Amino acid sequence: LMNGGFIQNLAEAAAKTAASATGDAEQIGVLYRRILARDPNAAELKSALSYLQKGTLQRFAQILLSTHEEIFLP
């Protein structure tokens, strides 16, 4: 699922939207609101900021799109 073309296209579009935000924390917030329809909690934000030290915004969007919360909850 995570590496499928459909998810990659969605992640790319979400990352482009988030990239216009100022700073990593705001970009993460944009991704959470766009993909999961909520803000990240403190632990999620900390984990995401740590991830972005070595990963990309698009890859992080792919992670969010592949979470249990996104796949199984309305």
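The legends below describe close-up views of a predicted model.

**View 1. Helix 4 and the helices that cover its buried residues.**
Helix 4 spans residues 57-65, and its buried residues are Leu57, Phe60, Ala61, Gln62, Leu64 and Leu65. The cover over these buried residues includes helix 1 (5-19), helix 2 (24-36), helix 3 (42-51) and helix 5 (68-72). Several of the buried residues return in the views that follow.

**View 2. The crossing of helix 2 and helix 4.**
Two packed helices are described by the angle between their axes and the distance between the axes. For helix 2 and helix 4, the axes come within 10 Å and cross at roughly 35°. The crossing of this pair, helix 2 and helix 4, is right-handed. On the helix 2 side, the contact is made by Gln27, Ile28, Leu31, Tyr32, Ile35 and Leu36. Helix 4 contributes Leu57, Phe60, Ala61, Leu64 and Leu65. Sorted by type, the residues of this contact are 10 nonpolar and 1 polar, with no charged residue.

**View 3. The aromatic cluster of Tyr32, Tyr51 and Phe60.**
The aromatic pairs in the model come to 2. In one of them, Tyr32 and Phe60 are tilted, with 6.3 Å from centre to centre and 40° between the planes. This pair links distant parts of the chain, since Tyr32 is in helix 2 and Phe60 is in helix 4, 28 residues apart. Tyr32 has a relative accessibility of 5% and therefore counts as buried. Phe60 also counts as buried, because its relative accessibility is 6%. Tyr51 and Phe60 form a tilted pair too, at 5.8 Å centre to centre and with 40° between the planes. Tyr51 has 23% relative accessibility, so this residue counts as partly exposed. Ring pairs thus join Tyr32, Tyr51 and Phe60 into a cluster.

**View 4. The salt bridge between Lys16 and Glu12.**
Side chains of opposite charge can pair when their charged atoms come close. The whole structure holds 3 salt bridges, and one of them joins the side chains of Lys16 and Glu12 at 3.4 Å, N to O. Lys16 and Glu12 are separated by about one helical turn because they are 4 residues apart in helix 1. With 59% relative accessibility, Lys16 counts as exposed. Glu12 has a relative accessible area of 33% and so is partly exposed.

**View 5. The salt bridges Arg33 to Asp39 and Arg38 to Glu44.**
Arg33 and Asp39 form a salt bridge in which the closest N and O atoms are 2.5 Å apart. Arg33 is partly exposed, at a relative accessible area of 43%. Its partner Asp39 has 46% relative accessibility and counts as partly exposed. In the salt bridge of Arg38 with Glu44, the closest N and O atoms are 2.8 Å apart. Arg38 has a relative accessible area of 25%, so this side of the bridge is partly exposed. Glu44 is partly exposed as well, with a relative accessible area of 21%; the cut-off for a buried residue is under 20%.

**View 6. Surroundings of Gln62 in helix 4.**
Gln62 is found in helix 4 and is one of the buried residues of that helix. The relative accessibility of Gln62 is 3%, and therefore the residue counts as buried. Apart from neighbours within four places in sequence, Gln62 is in contact with Met2, Asn3, Ile7, Gln8 and Ala11.

**View 7. Surroundings of Leu65 in helix 4.**
Leu65 lies in helix 4 and takes part in the contact with helix 2. Leu65 is buried, because its relative accessible area is 9%. Leaving out neighbours within four places in sequence, the residues in contact with Leu65 are Ile7, Leu10, Ala11, Ile35, Glu70 and Ile71. Leu31 is 34 residues from Leu65 in sequence, and the two are 9.7 Å apart in space, C-alpha to C-alpha. Leu31 belongs to the helix 2 side of the contact between helix 2 and helix 4.

Terms used. Residues are numbered from 1 along each chain as its sequence is written. This is a predicted model: local features need pLDDT of at least 70, side-chain atom pairs count only at pLDDT 80 or more; totals for chains, interfaces and linings use all residues. Side-chain values use heavy atoms; hydrogens and water are left out. Buried means under 20% relative accessible area, exposed over 50%, partly exposed in between (1.4 Å probe, protein chains only). Helices (H or I, at least four residues) and strands (E, at least two) are DSSP runs, numbered from the N terminus. Contact means heavy atoms within 4.5 Å. Axes are lines fitted to C-alpha atoms, for helices over the stretch in contact, and angles run from 0 to 180 degrees between N-to-C directions. A crossing is left-handed if the near helix is turned anticlockwise from the far one by less than a right angle, and right-handed if clockwise. Ala, Val, Leu, Ile, Met, Phe, Trp, Tyr, Cys and Pro count as nonpolar, Asp, Glu, Lys and Arg as charged, and the others, Gly among them, as polar. Rings of Phe, Tyr and Trp (its six-membered ring) pair if their centres lie within 6.5 Å; planes under 30 degrees apart count as stacked, over 60 as edge-to-face and the rest as tilted. A salt bridge is a side-chain nitrogen of Lys or Arg within 4 Å of a carboxyl oxygen of Asp or Glu.
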